[in-house]
Every structure is written in structure tokens, then in C-alpha cells.
Number of protein chains: 2
Amino acid sequence: MREGPDIARIASLVGDPARANMLNALMGGTALTASELAHEAGVSLPTASSHLGKLMEGGLLTVASQGRHRYYGLAGPQVAGMIEAITGVAEAVGPKRVRPGPRDGAMRVARVCYDHLAGEQAVAMLDRLVDKNVLVRDEQEIRLGPSAASHFAAIGIDVYTKPRRPVCRACLDWSVRRSHLAGTLGAAILDKILAEKWARREKDSRAVIFSPPGKQAFERVFLS
Amino acid sequence: MREGPDIARIASLVGDPARANMLNALMGGTALTASELAHEAGVSLPTASSHLGKLMEGGLLTVASQGRHRYYGLAGPQVAGMIEAITGVAEAVGPKRVRPGPRDGAMRVARVCYDHLAGEQAVAMLDRLVDKNVLVRDEQEIRLGPSAASHFAAIGIDVYTKPRRPVCRACLDWSVRRSHLAGTLGAAILDKILAEKWARREKDSRAVIFSPPGKQAFERVFLS
DNA sequence: CGCATAGTTCGTTCCTCATCGAAGCATTCT
DNA sequence: AGAATGCTTCGATGAGGAACGAACTATGCG
């Protein structure tokens, strides 16, 4: 009967399948319109609107009106982290290993996790960066190694303009069950991958598809 | 309409107030009986039993039968981490700053967070350990400093018998909004505090109450 | 100005699920 | 053995809330 913060309220917001699908879709990091989210969740527009209202009221979402469109996005990294934590538990307890369909396959290889890269490619990249001593891993944590600044500067990423978020953070990959790189550095790397057109976002999915030359370039820079 | 792991299923388990209260109570780290959890959640025994069945089926709880008692506990650190993540969001979005009652006050000072110490005391302790360079903090992450082994050996804690869990982890404190020390080291320190009888667990609460001499001893060892 | 598109609000229907009392097992105490 | 305690199962009740169609508001296009 004790009362801390109202955890049930937040959890029940995520606990509805339609809302969970919406939040999952927004884990892609890009804001989406109400119609897109309705389609994503498989419900009618009015229903979606109602759900979005509740998520807004619960503080999990932000909205930006542009003309007649309303773009909904996750309220912040803390919310994204919560979703990831829940996803991790769901993955761990639910051995629902049923169908690793084609789209699922692409998701396993590389996908967007809020603002950084996840999947096998991302895990391999982190492993390699640790091997090369560019990053240093202490158990579950990651920090910059001595050569980090020069290494990332060479590919146009500045690791020393530090905003409020940590530069590197470990994020547990739900498909590989090992850590990949999150934080501002992880976000910067994903930005570069997309900016260089090494890979493109799969439409309506978190999957990230590398082009053959893009994959080569990525491997040369991060996996060599 | 995409399908990853069934996040809604897990979230909806936490999304019921009665179940949320039970999980919250179990964040104290000690296993509780069905009756205790029923009282904790403010529901009848049959209702509690039903909830416990669902939490078990969802894989969030483990149970140990001892005679006619059944002790329920959290299924593991991953589940505890998820609860903390949800609590963090709930705390952040819910400015329900209403009544910091007496018990709440004690909770802010020191409480148990699954298996380690949280609250103002815990945050102060981590700060001091970082100041003394016993631990090193990189942004949100924590690792052992050079003097860590000898420092903790002197007070009877071995940091080098490493189990599967990380030795030190940062855990965001929902009351202070800054990190405290989790991981096996955090757990070992809480064990010592209770073993030395510097503090006792408040009955039916996560609060940890230091005795006056215990507080002195704690401050001498960890805050000096 | 109309017409089309994007979203929200309203009212209704329907179903899930939380709840409790009573009864049923299991274990321990005397 | 009988009684008491701890917990689960069963059945009935009731409320919250998810869903959609229809109507309403707002923005953009011709």
C-alpha cells in the first residue's frame, strides 16, 4: 500500500498492445504522424488519436504541429531507455522464437535503436572498437580510450563536444543479447552511416539496410 | 503491426496497481509470502494469489516453497532494472510532489534498491569514493580505480571474485536524480552495513535506518 | 470559395479483467 | 486425529477502457 511514483500508471500506458506498437515504432527515433502510428498499431484513426492523447497526458510523448500534420515523438532518452528495459525483459522471458522472417532477419543484422545503431553489425562494431583499444570496456560499461579522440576525428566525429548525455553508453541488444554502443557517440556514428548513404532506413521499419559498397565502407572504417 | 518481443504483455503485468505495489515491495530484495504481498498491495488473499500467478506466468517472479509458506521474489536483476527504469520515468513525468511524509523522509535518506543501498546516503557515498579516486566515473559509468582492491580489502570486501554481474554499475536514484552504486560491489557494501548492524531495515518498507553510532561508523569508513 | 486531407471529439457497444466470498488442498501444531 | 494456518481454485459481479462510426474542426489545394 506504499506510494512512490505512480509506476502502474506509466506501465499501463505501455501495457496496451496498440500503444506498445506505437512506442515501438517511435523507437526508430523519427517522429511520426497520427495516421502513420494508427497504421503502425493496426487501429483506426480515432482509436489511435485516443491512445496518443493518453500517451501525451502521461508524458511519454511530445508533439510538433506542422500544418495539418502532427508529428509525435518519444519524450526523451529516458523514455527510450525504459522501453528498451521492458523489451529486454520481454525478450528474456518470452522464448517466442517462432518465425525469424525476412524482415526480422534484416532487423537482426542492423536496426535503429532510438538514435543509434543496434543489431549484429552494431555489436561487431563495438567489439572491434574495444579490440583496437579505441574504447575501453569495464564489465558492462564503456569509456573512451586514449586514441578515441584522434580516431573519431579522422572520420569527422568530435567526441569532445559533450552535451548533457553521456558520450558512450552500453545498450543491451535484445536480439544478440550483448551490448552495442549508445550515447552521443553511437548517435553520431549512425548519423554518419546515413549521411554517407552507406545504408538506408527500411520504410516503416527500424531495419537498416546496407548497400554492398556501403557495407564495405562501413567495414573498412569500423571493422578493419 | 510489427512484432518484436511482447513488450505490452510485460508492461501490462506491471500496469496493474496491485501488481505494481507487489513488485515495488519486492524491490526491497527480500522474498515475501503471498499474505504479506496481499497486505502490501491492499487486496484480498485470493486476488493477490491470482496476481502472483500472472506474474509467475509472465516470468517476472520466482517462488520458493517452504513448508506452508510460499516466498515470492523478483526473477532477477534484469527485472529489477526494468522496474527502476519505469520508476524513473514515473518520477520524471509525475510532478506529484505532494507529501514527503515521515516514512518518505527516511526513504529519501537511505533505502534498499533490490540488493544495494540507494538514497542520499548512497549518492554521497559514491561521490566520496569517486573523490578519493577509489572509483572512477566516466560520465554515467563507473569502474574500479587503482586503489580499489586494497581499499575494499581493508574493510573485508573482495572486488576481484567476479561473478557474472558487473562489479560496479551506476543506478539512477529516483529521489535524488543522481547515480548511486549498484552491481556486486554495491550489494556487498549493503551486506556489510547490515551485518555490522550499522543500520536496520524498516519493517514493511524499503527504508534503511542508521543507528547514531552506525551512522558514525558508516561515515568514517565511506564518507571520510 | 468549395473540396480533400489530417485529426479530434462524441456516443455506443462490447469484452476483458480485477475483485471478493466460499469452498477446497496442503502443511504444521497440539 | 482434529484444529488452525497459508494459499489456491471456483464462480459471480461489476467497472474500466478499447474499439469504431459518425460528426466536427482545422489546414491546405484548386
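The following exchange goes through the DNA surfaces and two helix pairs of this predicted model.

Reader: What are the ground rules for the numbering and for the values?

Author: Residues are numbered from 1 along each chain as its sequence is written, while chains are lettered from A and ligands numbered from 1 in the order in which they are written. The model is predicted, so that local features need pLDDT of at least 70 and side-chain atom pairs count only at pLDDT 80 or more, whereas totals for chains, interfaces and linings use all residues, and side-chain values use heavy atoms, with hydrogens and water left out.

Reader: What makes a residue count as near DNA strand C, and which are the closest?

Author: A residue is near a strand if one of its heavy atoms lies within 4 Å of it. In this sense 21 residues surround DNA strand C, the closest being A:S35, A:S49, A:Y72, B:H51 and B:K54. Of the atoms of DNA strand C within 4 Å of the protein, 75% belong to sugar or phosphate, and the rest belong to bases.

Reader: Why is the approach of B:K54 to DNA strand C called a polar contact?

Author: A polar contact is a pair of N or O atoms within 3.5 Å (within protein, one must be able to donate a hydrogen and the other to accept it, and residues adjacent in sequence count only if both atoms are side-chain atoms). A polar side-chain atom of B:K54 lies 2.6 Å from a phosphate oxygen of DNA strand C, and because that distance is within the limit, the pair qualifies. A polar backbone atom of B:S44 is 3.0 Å from a phosphate oxygen of the strand, while a polar side-chain atom of A:R68 lies 3.1 Å from a base oxygen.

Reader: Which element supplies the largest share of the surface near DNA strand C, and how do the residues divide by class?

Author: The largest share, four residues, comes from α4(B), where helices (H or I, at least four residues) and strands (E, at least two) are DSSP runs numbered from the N terminus. The surface has seven nonpolar, eight polar and six charged residues, with Ala, Val, Leu, Ile, Met, Phe, Trp, Tyr, Cys and Pro counted as nonpolar, Asp, Glu, Lys and Arg as charged, and the others, Gly among them, as polar.

Reader: What is found around DNA strand D?

Author: Of the 21 residues around DNA strand D, A:T47, A:H51, B:S35, B:S49 and B:Y72 come nearest, and sugar and phosphate account for 73% of the strand atoms that come within 4 Å of the protein. An N or O atom in the side chain of A:H51 is 2.5 Å from a phosphate oxygen of DNA strand D, and the largest share of this surface, four residues, comes from α4(A).

Reader: Why are α5(A) and α5(B) called roughly antiparallel?

Author: The two helices, residues 77-93 in each chain, pack at an angle of about 155 degrees with their axes 9 Å apart. Angles over 145 degrees count as roughly antiparallel (under 35 as roughly parallel, 65 to 115 as roughly perpendicular, the rest as oblique), and α5(A) is therefore roughly antiparallel to α5(B). The residues of their contact divide into 12 nonpolar, four polar and no charged.

Reader: What makes α2(B) and α3(B) oblique?

Author: Their angle is about 120 degrees, with the axes 8 Å apart, and since this value falls in none of the other ranges, α2(B) and α3(B) are therefore oblique to each other.

Note on methods
Axes are lines fitted to C-alpha atoms, for helices over the stretch in contact, and angles run from 0 to 180 degrees between N-to-C directions.
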